[in-house]
Amino acid sequence: MPLTAEDGSTVGTPWFGRLLLTGLRVVVVGGGDTARPRVAELLAAGADVTVVAPELVADLAKSAAAGEITWCPRRYEAGDLHDAWLVVACAGDGAADAQVAADAVRQRTFCVGSGTAPGSVVAVPRPPADPDRSRHSPPCSARGVALIGGGPGAPDLMTLRARRLLAAADVVVVDRLAPREVLDELDEDVEIVDAGKTPYGPAMPQDQINELLIERARRGRFVVRLKGGDPFVYGRGYEELLACTAAGVPVAVVPGVTSAIAGPSAAGVPVSHRGVAHEVVLVAAHSRPGDPQCLVDWEALGRMRGTIVLMMGVLHLEEVAATLVRCGRDPDTPAVVVQDATTAAQRVVRARLDTVAAAARSGGVRPPAVVVIGAVAGLSATGAAVPAADALTASTPGPDVRPANGSGHVER
Ligand SMILES: C[S@@+](CC[C@H](N)C(=O)[O-])C[C@H]1O[C@@H](n2cnc3c(N)ncnc32)[C@H](O)[C@@H]1O
């Protein structure tokens, strides 16, 4: 079946139904009856075929004469596989085919055999690391646990390192706010465990998550703990690191793009701006001001002039805003709520500190959302914002970011 591109054009017919070789150099060593059907399949797949053989059977000779294949009329020599993506060893001589396979493996080119079964593999063991190619490999040894920051939501805001380690995972333990689309790209045999924490709802208890990470890693499986944003920004990542290291399990930490900064940014709000805000404070607002468990210094936040970013703050927004005003913050301070930032569902509500809770409520704001409080939330920057979920449309004018009126307004 030919593959088609998004615009409907044909991009090629995959070889063995899976491998798209269109325009890629493939070397076939051997020119006899075993090679003939392989060459025909490769030509049908659009590969750039070179045949190395002292002689060719009639069909292959015709293809060579017609310029459909390149023929090297001699026995195989070291160097013939240069730049090849795939090698087919069909010399019909065990020692020669073994030599071709060994050379292919050394240079990390896939090699398939001369057997009539398509894809009979001669050799695909991993050779020792080649420094030139290792830049495409996971950046640290794929063992133990990797605590990976998955970014704020859009899959293309994950880091390259995160994507590489994820591709090497045997087990993925995923949070609710991690970009789940990327899980679709994993092989079927990768174990996916949903540890999704619903806000205010049940989730896998932290102790159980820690035990799971440790138990799977001890079984020799490479475990990726995929978290939203950055693992160390209200992500309990450090607890998981401590649990794993206490159990003797190696841990790698991969920083992520945090929603605390990317959320405002996706709505066109810079958390700092020269001459406007020199301080940025992230606040976990999941517990009420006054709750004995709450470690936030609301008095200090009320006095400061810079930017406050509330995380997990939707439920108690009214009390938090009132507390900030009571502690000295100007009720006219601009405020912006960004829900589901960087995803297709992104919504933005603009208001003032004294109206933001009502505006969020009437706008139907739900978690996850960040709330930005400070002069930066009122900056006017028409056309400056990158629309959520599709960086490719970045040239589209962004929301008209005007200082909010008292009642607030919602952008979708
Ligand atoms: C438990 S914290 C995890 C934060 C995460 N580690 C980070 O760095 O983004 C969850 C809170 O992050 C914020 N959040 C996460 N993803 C978000 C998104 N896509 N849009 C808006 N806020 C988000 C919300 O405040 C949410 O309640």
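This short presentation covers the strands, the ligand shell and a few backbone details of one protein model.

Good morning, colleagues. Please keep in mind throughout that the model is predicted. I shall begin with the overall make-up. The protein has 412 residues, of which 40% are buried. Its secondary structure comprises 10 helices and 19 strands. If one takes the contacts with a separation of 6 or more, residues 24 or more positions apart account for 64% of them.

Let me turn to the open sheet. Five strands form it, in the order β11-β10-β12-β9-β13, and the pairing is parallel. At the edges are β11, residues 191-194, and β13, residues 251-254, each of which pairs on one side only. From one strand to the next, the twist averages 15°. As a general reminder, strands of a sheet pair through backbone hydrogen bonds, either parallel or antiparallel.

Within this sheet, I would draw your attention to strand β9, residues 145-149. Strand β9 runs parallel to β13 and is joined to it by 4 bridges. One position to look at is L147, which stands opposite V253 in β13. Helix α6, residues 237-246, lies across β9, β12 and β13. Relative to β13, helix α6 runs at about 165°.

I now move to a second group of strands, centred in this talk on β16 and β18. How many of the residues of β16 are buried? The count is 6 of 6, and the strand is mostly covered. In a regular strand the side chains alternate between the two faces of the sheet. In β16, P334, V336 and V338 point one way, while A335, V337 and Q339 point the other way. All of these residues are buried, on either side of β16.

Which strands pair with β16? One is β17, residues 347-352, which pairs with β16 in the antiparallel sense over 6 bridges. Here V336 stands opposite R350 in β17. Another is β18, also antiparallel to β16, over 5 bridges. Two positions illustrate this second pairing: V338 has V370 of β18 as its bridge partner, and V337 stands opposite V371 in β18.

Strand β18 itself has 5 of its 5 residues buried, so it is largely enclosed by the rest of the structure. A369, V371 and I373 point one way from β18, whereas V370 and V372 point the other way. Strand β18 also pairs with β15, residues 307-311, in the antiparallel sense over 4 bridges. In that pairing L310 stands opposite V371. V371 is thus a residue to inspect on the screen, as it stands opposite L310 of β15 and opposite V337 of β16.

This brings me to the ligand. Around it are 26 residues, and those that come nearest are G229, V233, T258, S259 and A341. The elements that give two or more residues to this shell are α7, residues 259-266, β16, residues 334-339, and β18, residues 369-373. Among the elements, the largest share, 3 residues, comes from α7. By class, the shell has 13 nonpolar, 10 polar and 3 charged residues.

Why does the ligand lie between domain 2 and domain 3? Domain 2, residues 138-254, and domain 3, residues 260-411, both give residues to the shell, so the ligand lies between them.

Finally, I should like to mention three backbone details. The first topic is a cis peptide bond. It joins P367 and P368, with omega at about 5°. P368 is placed in the loop between α10, residues 356-362, and β18, the strand described above as having 5 of its 5 residues buried.

The other two details concern positive phi angles. D83 has a positive phi of about 70°, although it is not a glycine. Its place is in the loop between β5, residues 70-72, and β6, residues 86-89. Is D83 buried or exposed? It has 11 C-beta neighbours inside 10 Å; the cut-off for an exposed residue is 12 or fewer, and D83 therefore counts as exposed.

R108 likewise is not a glycine and has a positive phi, of about 60°. R108 sits in the loop between α3, residues 94-106, and β7, residues 110-112. Because R108 has 12 C-beta neighbours inside 10 Å, it counts as exposed.

To close, I would return to the central picture: the ligand lies between domain 2 and domain 3, with β16 and β18 among the elements that give two or more residues to its shell. Thank you for your attention.

Key: Residues numbered from 1 in each chain as written. Predicted model: local features only at pLDDT ≥ 70, side-chain atom pairs only at ≥ 80, totals over all residues. Near = placed C-beta within 6 Å. Nonpolar A, V, L, I, M, F, W, Y, C, P; charged D, E, K, R; others polar. Domains from an automatic or database assignment. Pairing = 2+ DSSP bridges. Axes fitted to C-alpha atoms, helices over the stretch in contact; angles between N-to-C directions. Contact = placed C-beta atoms within 7 Å. Buried ≥ 20, exposed ≤ 12 C-beta atoms within 10 Å, placed from the backbone.
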